[in-house]
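Biologist: I should like to discuss the interior of this protein. Please take me through its cavity and its nonpolar cores.

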Amino acid sequence: MASYYSILRFVNNPLSDESIALGLVVLTSDQIAETTARRPGSEMRAMVRISEAKVDFAKKLNPGCVKLLHFSLSQIYRFFEQDLADQSGQIMQFPIRIEQKFLDRLANYNNGMLQFTKPAYIESTNIIELFDRYFAKFIEFNINPAQKEKESPSSRLRMRIETDFYKPLRGKIDVDYTLHKKQLPSLYFNYHLEGIGVNGSMYALKALDLNANHQIDTLQREVSEYESLIKRLDEFAAQKRITGKPHYYLAVDPYEGKNKERHELYELVNDNPSLPFKCVNSQELPEIVAQIEQKKVHKFSELL
């Protein structure tokens, strides 16, 4: 199948065109497995990955640009988020309604600091495998693995979510569940939850894995979107006359690395009474499961 790729560059010095390759975008019509069915057929899909190691290097190279770089990357994610469908590992996958011109538009997108290269053709048969190969070749070819933050393919948090939350609650509430835009009042983005259920109250759990190698901007955005989603869940509950006290949780383990921003994010969400959710660590998941089972919470999707 025909696919096209474009490289996202951080332009440190526009006068000399000095730049760093930060990320990769691939546009493909290959079929990519999804956990939730979407529109049928061979629609084009954009796949995006940004190297956190390269972003950290860009910050060190130009410390004065940190805030603007964060803002610019968040704007790019929002540029894609018009049809966000799924996030799998480190690759963000987006269905789109236009064809190759999409990458041409990206190449014309230019705020001075971040730029996309003109799209180049790939003859693809296994786009996921090719994506990993191209990402390693074009983006992280010169990064020593020892320089990257260590990450277990299955982090402690993720393993406990699978064994201590998904397994005992599967079939009882909605687990590993994505709420799609417009399913809730004024919801304009899709959002993945580890679990969501209802009895006389709303129950929801979101996992935030600070020790996985996800972009810090992505982690920050997941927290802010969880807050936004909770407001819409409360509106939905009011419409359905679900009046019990809601139980919203953020499962997050303490950050074990040296990244200052991740430590700050953990401190921000942990034990913060101004946030609409309660932070729990992965060891507390069995307690939440026991509460859900005791209260006979059932699937939220049954109300939609």
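The exchange below concerns a predicted model.

Biologist: How many cavities of 30 Å³ or more does a search of the whole structure find?

Modeller: The search covered the whole structure and applied a threshold of 30 Å³. The largest cavity has a volume of about 30 Å³. The number found is one.

Biologist: Which element gives the most to the lining of the largest cavity?

Modeller: The lining includes F165, I173, Y203, A204, L205 and H247. Elements that give two or more residues to it are β9 (191–198), β10 (202–207), β11 (247–251) and α8 (285–294). With three residues, the leading contributor is β10.

Biologist: How many charged residues does the lining of the largest cavity have?

Modeller: Nine of the lining residues are nonpolar, and two are polar. Gly counts as polar in this scheme, and G195 is one of the lining residues. The count of charged residues is none.

Biologist: Which element supplies the largest share of the largest nonpolar core?

Modeller: This core has 34 residues, and L179, Y226 and F277 have the most contacts inside it. At least two residues each come from β8 (174–179), β9, β10, α6 (216–239), β11 and α7 (260–269). The largest share, nine residues, comes from α6.

Biologist: How many residues does the other core have, the one that lies apart?

Modeller: Beyond four places in sequence, Y226 is in contact with residues including Y191, L193, Y249 and F277. Apart from the largest core lies another, with I173, V175, L205 and V289 among its members. Its size is 18 residues.

Conventions
Residues are numbered from 1 along each chain as its sequence is written. This is a predicted model: local features need pLDDT of at least 70, side-chain atom pairs count only at pLDDT 80 or more; totals for chains, interfaces and linings use all residues. Side-chain values use heavy atoms; hydrogens and water are left out. On a 1 Å grid over the protein atoms alone, a cavity is a set of points where a 1.4 Å probe fits but cannot get out, and a pocket is an open set with protein on both sides within 12 Å along at least five of seven lines; lining residues have an atom within 4 Å of a point. Grid points are joined across faces, edges and corners, and a volume is the space filled by probe spheres set on the points. Helices (H or I, at least four residues) and strands (E, at least two) are DSSP runs, numbered from the N terminus. A nonpolar core is a set of buried Ala, Val, Leu, Ile, Met, Phe, Trp, Tyr and Cys residues joined through side-chain atoms within 4.5 Å. Buried means under 20% relative accessible area, exposed over 50%, partly exposed in between (1.4 Å probe, protein chains only). Contact means heavy atoms within 4.5 Å.
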